[in-house]
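Hi,

Here is the structure I promised to pass on. Please have a look, and my notes on what turned up follow below.

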Amino acid sequence: MSQTFTLDGQSIPFADGQTILQAATAAGVFIPHLCYHPEFKPHGSCKLCTVKINGRQTASCTMRAIPGMSVESDTEEINAERRALLQMLFVEGNHFCPACEQSGNCQLQATAYRLGMMSPHFDHFFPSRAVDASHPDTLLDFNRCILCSLCVRASRDVDGKNVFALSGRGIRTRLIVNAKSGRLADTDFSPTDKAAEVCPVGVFLKKRRGFVVPIGERRYDKAPIGAAAEEV
Amino acid sequence: MTLNETHPEAVAGVVDRIVERWRRDPTCMVQILREVQEACDWISPEAIDCLQTALKVPRTKIEGVAGFYSFFYLKPRGKYRILFSDNVTDRMQGNQALLERLCNTLWIEPGKVSEDGLVSVDRTSCTGMCDQGPGLLVNNRAITRLDAERIDEMADLVRSQTPLDEWPAEWFRVEDNIRQPGILLGLDMPPGDALRAARALAPSDGLAASNMRSWREGLPSGLGGPAALLDAIKRANLRGRGGAGFTTGLKWEACRNAPLKSGQQRIVVCNADEGEPGTFKDRVLLTSYADLVFEGMTVAAYAIGAQRGFLYLRGEYRYLLEPLTAVLERRRRDKLLGADILGVAGADFDIEIHLGAGAYVCGEESALIESLEGKRGTPRNRPPFPVTNGYLDQPTIVNNVETFAAAALIALKGADWYAGIGTQHSAGSKILSVAGDCARPGLYEYPFGVSIRQVLADCGAVATQAVQVSGPSGVCVGPAEFDRIIGFEDIPTAGAFTIFDDSRDMFEVARNYVHFFQHESCGFCTPCRVGTSLLKNLMDKLHNGCGSPYDFAEIEKLNHLLQSMSHCGLGHTACNPVLDTIKKFRPAYEKHMKQQDFAPAFDLDRALAAARQMTGRDDAAAHIVKEENA
């Protein structure tokens, strides 16, 4: 890894084909992200990992590193825009952190804390989204879905099942499951599927396991998001 | 419809025939879904059962694709599905009143299906009939020149369940309205002449496109001209007519030079997804100049060494499918398409027509390619670009209809002749789709460099307040700028030229455009999906009299986010109409800005509208009156 680029003034080594986000993570630098997961092909949709290269902004999860490029990420300007994106995600769905089983384990909530989002700012959309409680072991709460498509990719690429997909368009985009009835119980989904564990928010909830770990002792209660990456 | 519920075996038969015709190929999903819907009126769960088995793809994939396109229905929408074109020009021509009139006569609400399941009435984005509006689509067939009389008659025809084929043919007549022909629209070229001229081109001296790939790749000897033709396209300084203005020669050369993996071929795609509100020139080119367009595609195939081509036709122009298919068939018979073109052994190229299904974003080239592959029309991450990794990962050029027509013209008449027309930076001509407040709407073709003022004079526009050039993603020009010119060096355009006289409220114009972007956002990226909705809500807030200076700041902020964070051009340009009109027509906004201090968008009285409707009340006691200075 003799090649390097600069990220906020710091020299970051990278291998051929690595994206900015991958190289930064390997070097212990955290770039906020939600739809990116190291085990899957980058999607580039949440735009939270946006960085600035030569005055032009681009998603760092899909942009390959180029030797000598100068990248800005942790600046007040970019973080302010990231906060606005987070606010958009919060008002688009129904996110009630205090009552949410995923509170403390949720990447959306943790990233909002880390970037200092103090309010949702925009008017809430309060969309009407039904939950799917049909499956004996897993409840799907679409109210929290941020359309990152990680479960879609995990089900397709790892589980080999195609249980999930995005349908609709624009603000009406929604997660669907692979059954004529539209119910998770009528699919071949299993709670041990990879798809069940990659959700960055709280769409997939294990039944009969609610609040097994008390609030205050959960992952991001102990250390902020990105802290693990920074210890590399 | 009943076919689905009472005759599942009939649905299976229909689906099977359609799938068979599309070679059981899941990459033709959009075409298969369109034909299923044409046959069954909607895409029922039973039809999806059959598709799932026949195409061997998961149900999620079929529903994901079907759910993306506005013209596909996963729920019944009636035997008659009526969609009013809702471009700003349709509004100016009174489409709102006509829509209400039809709904009242049929006793239905906009957006809902009648209780007997017979008919639904809704709105759709611009259908490309601005010069003869207001327009609508009924079961994807275009009707023009609506008026109260037609609407009343239509209601009768719907209620009597008269088949569409028995509706007055006059309603479906679409005029070309060519007001000012130029080098393209004035051309009367016998089919094949441009191809023969291209083939006769000898490699010129000092070839700009000096590579010999076509020969190395084993194209038949005698095809001496591909590199020379590419050279001509470059020397003619042809730039894309779809709005972005990329140099056509460079695009073609990059595609030609892109390495092919085993089993791959190069692909030519004609982008006829003319979705920019206010644009309708491609409709006319494909109606009356189809040979020229197909010839341009064949010329391109010759230049880059492609064997396969697609015309991606917007769903709103479904009525052009049969005539265009007939033109392709004739060209095959005349040896201008298919195998051994012009009798040259091995010179093979053919064109397939794919229809869109109501998704503006598919005009973006990588989203168009996704749609051609039978997927949701979501723009791809770039790089890589289509010229190296396009249709099914093969090197692909995507060009506008007008660009291909111009390419044929260049092959026919030569690069030097073409480069001599227009201005130094913008060679050739541009076809403008003129509509709005003027005496003679229609197509006007000018050499590049024509001023806004000249166009306005030619089409008989008076008391003009503003012109929206290139549609909502273009620029809004006020009287102080009417001496500016159409050209890549000043105002580039995809062709829309929408005129507003001084009786129009420019705020409402911008609000219509914002609604358009919100409706057409593909939903892939956060800033555009949510941002266009937030922007729409803000404009509606101003419209409802709750706007304050605070909201201007919010609009500015959203604009910045959309421009810097969005995935594709749709998000980048979604704020343009608002910013332009705020800058140039601020008084129009101030009229709607009733509040000095922040006011919430929420209005208790408006929120009670649903309750009033449910109880059938509209008396004073059913309203909450705001207390002034409370």
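A term you will need first: a crossing is left-handed if the near helix is turned anticlockwise from the far one by less than a right angle, and right-handed if clockwise. This is a predicted model, in which local features need pLDDT of at least 70, side-chain atom pairs count only at pLDDT 80 or more, and totals for chains, interfaces and linings use all residues. Residues are numbered from 1 along each chain as its sequence is written, while chains are lettered from A and ligands numbered from 1 in the order in which they are written.

In chain B, the crossing of α2(B) and α4(B) is right-handed. Helix α2 (residues 8–21; helices are DSSP runs of H or I, at least four residues, numbered from the N terminus) packs against α4(B) at about 40°, with the axes 9 Å apart. Axes here are lines fitted to C-alpha atoms over the stretch in contact, and angles run from 0 to 180 degrees between N-to-C directions. That angle makes α2(B) oblique to α4(B) (under 35 degrees is roughly parallel, over 145 roughly antiparallel, 65 to 115 roughly perpendicular, and the rest oblique).

Residues of α2(B) that meet α4(B) include B:Val11 and B:Val15, and B:Leu51 is among their counterparts in α4(B) (contact: C-beta atoms, placed from the backbone, within 7 Å).

As for the two chains, 31 residues of chain B are in contact with 28 residues of chain A. On that side of chain B, α21(B) gives the most, with 8 residues.

Best wishes

How values were computed. Helices (H or I, at least four residues) and strands (E, at least two) are DSSP runs, numbered from the N terminus.
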